[in-house]
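This briefing sets out selected features of a single protein for a reader who has the coordinates to hand. It proceeds by topic, from individual residues to the metal site, helix packing and overall composition.

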Amino acid sequence: MPEESIDEIIEEILRESEEKESAEEEELVVTEEVYECPVCHHTVPPDAKFCPYCYAVFEDDVNYRDLTDTLIKKLKMLAKYASERNIPLPALKKSVGEAKRRALAKDFQGSFEVLQEAYVNIMNTIIPELKKEIENYTAVIGVDSSLREIYGRAENLLEEWDINGVITHLNELKSRAEKLSKELRLFLEELDRAERAVTIAKNFSINPEKAVEAIDRAKDLADKKQYREARDALKEAFTPLREDIDATVEKLLKIAHEELMRRVTRGGKETKRVLRLVKELKIYRDEGNWLGVLEKMDAISKELSKH
Ligand SMILES: [Zn+2]
C-alpha cells in the first residue's frame, strides 16, 4: 500500500470520528431538553412517543400492538409479584377481560388504553408495598456499608419503576441480612428500641440530644464490629436524660392517678392495665433502665388516651 493512500485513510478516519463526535454532542444537547410525563411525572425525552415508565402515549402513531405485548408481559410479572406478596389486585381481571374484548373487536388502541390504565393503578398499589419492604432494612444498613449501597440502588430502581430490578435487590438485601451475625442482630434490635425511645422522648418534649449522641457512639462501635460494647453503650444511652425523664414521669403519674380516680367507680380491665404499667415503670426507674421507663411512659399515655 503506498504511503499516500495510508495518509488518506487516516485522514478519512479522523474526519469521520470528528463528525461522529459532533453528532454525539448534538444528541446530548437534545437529550438535555427534557419533559415530564403528565401521568407518572417521570422525566421523559422530548421526542418520546410514549412514556417509557407508565406507557402513556403522547403521539398516536405508535404501534399499539407492540405496546400491548410489552404491557401484557409487565402485567403478568406484576401479577406474579403481587400474588407472592398477597397484595390483592381486584381490578386486574376485569381490565384484562375488557382489553381482550376490545382487541377481538380490532380496537387495539382501546385495548391498550385499558391495560395502560390498569398498569398505572397496579404500579401505584405495588410501589408503596415495595417501599415498605425496602425500609425493613433501614436498621441493617445503618451498620453495613455494602448493604447501604444495595439499599440505595433498590430505592433508585423503585423511583424508576424498575420492579424487576427492585425485587432482585430486595432478594440480595434479604440474603445478606440473614447472614449477619447473631451478635449484630441483637445489637440491631436494641438499636431499633433505642431509636423508638428517642421518638418517645421527643413526644414527651424531652430533649433527646445526649441520647442520640450516645446512640451514634454505639453505631461507631458496631461499625468496628464491637457489638457487645455497642449494646452496652445503648443500654446507657438514656442515662444522661434521667432527670428530665424522671420529672416527666412524675407529671405523667399524677395524670394517671387522677384519671384512675375518675374511673375507679367503673374499675375494669383498663384500670388494671394502667396500674400494671405504672408498677413496671417504677421497677425500671429503680433499676435505672431509662429506656424501659420511656417505653412504659409511652404505653401508659396510649392507654390513658384511649378513653
Ligand atoms: Zn409516564
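Glutamate 190 is partly exposed, because its relative accessibility of 22% falls between the 20% limit for buried and the 50% limit for exposed residues. This and every other value below derives from a predicted model. The points that follow begin with glutamate 190 and its surroundings.

**Glutamate 190 in helix α8**
- Glutamate 190 belongs to helix α8, which spans residues 182-203.
- Beyond the residues up to four places away in sequence, glutamate 190 touches Arg231 and Leu234.
- Aspartate 232 is 42 residues from glutamate 190 in sequence, yet their C-alpha atoms are 9.9 Å apart in space.

**Phenylalanine 238 in the α10-α11 loop**
- Phenylalanine 238 is located in the loop that joins α10 (227-235) to α11 (242-263).
- Its relative accessibility is 1%, so phenylalanine 238 counts as buried.
- With residues up to four places away in sequence left out, the contacts of phenylalanine 238 are Ala194, Ala197, Val198, Ala211, Ile215, Ile245, Trp290, Leu291 and Leu294.
- One of these partners, alanine 194, is separated from phenylalanine 238 by 44 residues in sequence and by 8.5 Å from C-alpha to C-alpha.

**Helix α12: threonine 271 and arginine 276**
- Helix α12 covers residues 268-287 and includes arginine 276; threonine 271 is also placed in helix α12.
- Threonine 271 has a relative accessible area of 9% and is therefore buried.
- Apart from neighbours within four places in sequence, threonine 271 is in contact with Leu260 and Arg263.
- Arginine 276 has a relative accessible area of 42%, which means that this residue is partly exposed.
- Between the C-alpha atoms of arginine 276 and isoleucine 300 the separation is 9.5 Å, with their positions 24 residues apart along the chain.

**Lysine 296 in helix α13**
- Lysine 296 is part of helix α13, residues 290-305.
- Lysine 296 counts as buried because its relative accessibility is 18%, and the limit for buried residues is under 20%.
- Leu277, Glu280, Leu281 and Tyr284 are touched by lysine 296, when residues up to four places away in sequence are not counted.

**Lysines with positive phi**
- Most residues other than glycine have a negative phi.
- Lysine 106, although not a glycine, has a positive phi of about 65°.
- The position of lysine 106 is in the loop between α3 (92-104) and α4 (108-135), and its relative accessibility of 63% means that lysine 106 counts as exposed.
- Lysine 225, again not a glycine, also has a positive phi of about 65°.
- The loop between α9 (209-223) and α10 holds lysine 225, which is exposed because its relative accessible area is 58%.

**Zinc site**
- Four SG atoms, those of Cys37, Cys40, Cys51 and Cys54, coordinate the zinc ion at 2.3 Å.
- The angles among the four donor atoms run from 106 to 112°, and the site of the zinc ion is tetrahedral.
- For four tetrahedral donors, the ideal angle at a metal is 109.5 degrees.
- Along the sequence, the donor residues follow the spacing C-x2-C-x10-C-x2-C.
- Cysteine 37 is buried because its relative accessible area is 0%; cysteine 40 counts as buried at 14% relative accessibility.

**Packing of α2 against α7**
- Two packed helices are described by the angle between their axes and the distance between the axes.
- Helix α2 (residues 64-84) packs with helix α7 (residues 163-179) at an angle of about 35°, and their axes are 11 Å apart.
- This crossing of α2 and α7 is left-handed.
- From α2, Met77, Leu78 and Tyr81 meet Ile163, Asn164 and Ile167 of α7.

**The protein as a whole**
- The secondary structure consists of 13 helices and two strands.
- Of the 307 residues in the protein, 36% are buried.
- Among contacts with a separation of 6 or more, 58% involve residues 24 or more positions apart.
- The accessible surface of the protein amounts to about 19700 Å², and carbon and sulfur atoms contribute 50% of that area.

Definitions and conventions:
Residues are numbered from 1 along each chain as its sequence is written. This is a predicted model: local features need pLDDT of at least 70, side-chain atom pairs count only at pLDDT 80 or more; totals for chains, interfaces and linings use all residues. Side-chain values use heavy atoms; hydrogens and water are left out. Helices (H or I, at least four residues) and strands (E, at least two) are DSSP runs, numbered from the N terminus. Buried means under 20% relative accessible area, exposed over 50%, partly exposed in between (1.4 Å probe, protein chains only). Contact means heavy atoms within 4.5 Å. Accessible areas come from the Shrake-Rupley method with a 1.4 Å probe; for residues, only the protein chains shown count as cover. Donors are N, O and S atoms within 2.8 Å of the metal (3.2 Å for Na, K and Ca); water is not among the atoms, so sites may look incomplete. Four donors count as tetrahedral if all angles lie between 85 and 135 degrees; four count as square planar and six as octahedral if opposite donors are over 155 degrees apart and all others between 65 and 115; anything else is irregular. Axes are lines fitted to C-alpha atoms, for helices over the stretch in contact, and angles run from 0 to 180 degrees between N-to-C directions. A crossing is left-handed if the near helix is turned anticlockwise from the far one by less than a right angle, and right-handed if clockwise.
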